[in-house]
Amino acid sequence: AAVGQLVAGVAHELNNPLTGVIGFSELLLRADLGPDAKESARWISEEARRAATIVQNLLSFARKQEVETARVDLNEVLATTLALKAYDLRASNIEVEKELASDLPEVMADVNQLRSVFLNLISNAQYSMTAAHDRGTLRVSSELVGERVRFAITDDGSGIEAASLSR
């Protein structure tokens, strides 16, 4: 209960500045700006919205709410997540290879939790590759295997330390 109260308090405190960042970035997107500034404003808006989603997930955790599942296009979630990280990956000299199956059925999932999982996997891969050799190749794939949808995110980084494999 104490952890839930702490998380809820932090989440509410983060919501106020995030609301300002989202609002002002939306105003910038409507302004007459050059293409580079417009793109920067778009990234600010998207990342602030992603942070707001994380805050909402924290609030859900604090309130012990159930997840909101709906029919989700896995490839679309993968593609939009990669778009959020595209600049960061390019800046880290990471090439992205996508092999997304076109025949996937929708899956039942909470899109925000799914996006968080993808972001964590991509960020971990990015860290591993930049730590290993300051560049890399990130491979993202999806496929239909029987009645199941499978995705894979692989990288050419250093891999998981032997001591951590059991976890």
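Helix H3 has a kink of about 50°, and the kink is centred on Lys 85. This comes from a predicted model, so every value here is computed from predicted atoms. Even with the kink, the length of the helix can be checked with simple arithmetic. H3 covers residues 74-91, which makes 18 residues, and at 1.5 Å a residue it should span 26 Å. The C-alpha atoms at its two ends are indeed 26 Å apart, so the expected span and the model agree.

What happens at the ends of H3? At the N-terminal end, Asp 73 acts as a cap, with a side-chain oxygen 3.0 Å from the backbone nitrogen of Asn 75. After the helix comes Asn 93, which has a positive phi, near 60°. Along H3 itself, a good part of the list of buried residues is leucine: Leu 74, Leu 78, Leu 82, Leu 84 and Leu 89 are among them. Asn 75, Val 77 and Thr 81 are buried too, and so is Lys 85, the residue at the centre of the kink. In an α-helix there are 3.6 residues a turn, so residues three or four places apart point the same way.

Moving on to the strands, three of them form an open sheet in the order E2-E4-E5, with mixed pairing. Strand E2 (94-100) and strand E5 (148-155) sit at the edges, each pairing on one side only. On average, neighbouring strands here are turned by 10° against each other, ignoring direction. Strand E4 (residues 136-145) runs antiparallel to E5, and 8 bridges join the two. Within E5, Thr 154 stands opposite Arg 139. Helix H4 (residues 111-133) packs on this sheet and touches E2, E4 and E5, with its direction at about 25° to that of E5.

Terms used: Residues are numbered from 1 along each chain as its sequence is written. This is a predicted model: local features need pLDDT of at least 70, side-chain atom pairs count only at pLDDT 80 or more; totals for chains, interfaces and linings use all residues. Side-chain values use heavy atoms; hydrogens and water are left out. Helices (H or I, at least four residues) and strands (E, at least two) are DSSP runs, numbered from the N terminus. The expected span of a helix is 1.5 Å times one less than its number of residues. The bend at a residue is the angle between axes fitted to the seven residues ending there and the seven starting there. Buried means under 20% relative accessible area, exposed over 50%, partly exposed in between (1.4 Å probe, protein chains only). A polar contact is a pair of N or O atoms within 3.5 Å; within protein, one must be able to donate a hydrogen and the other to accept it, and residues adjacent in sequence count only if both atoms are side-chain atoms. Two strands pair if DSSP finds at least two bridges between them. Axes are lines fitted to C-alpha atoms, for helices over the stretch in contact, and angles run from 0 to 180 degrees between N-to-C directions. Contact means heavy atoms within 4.5 Å.
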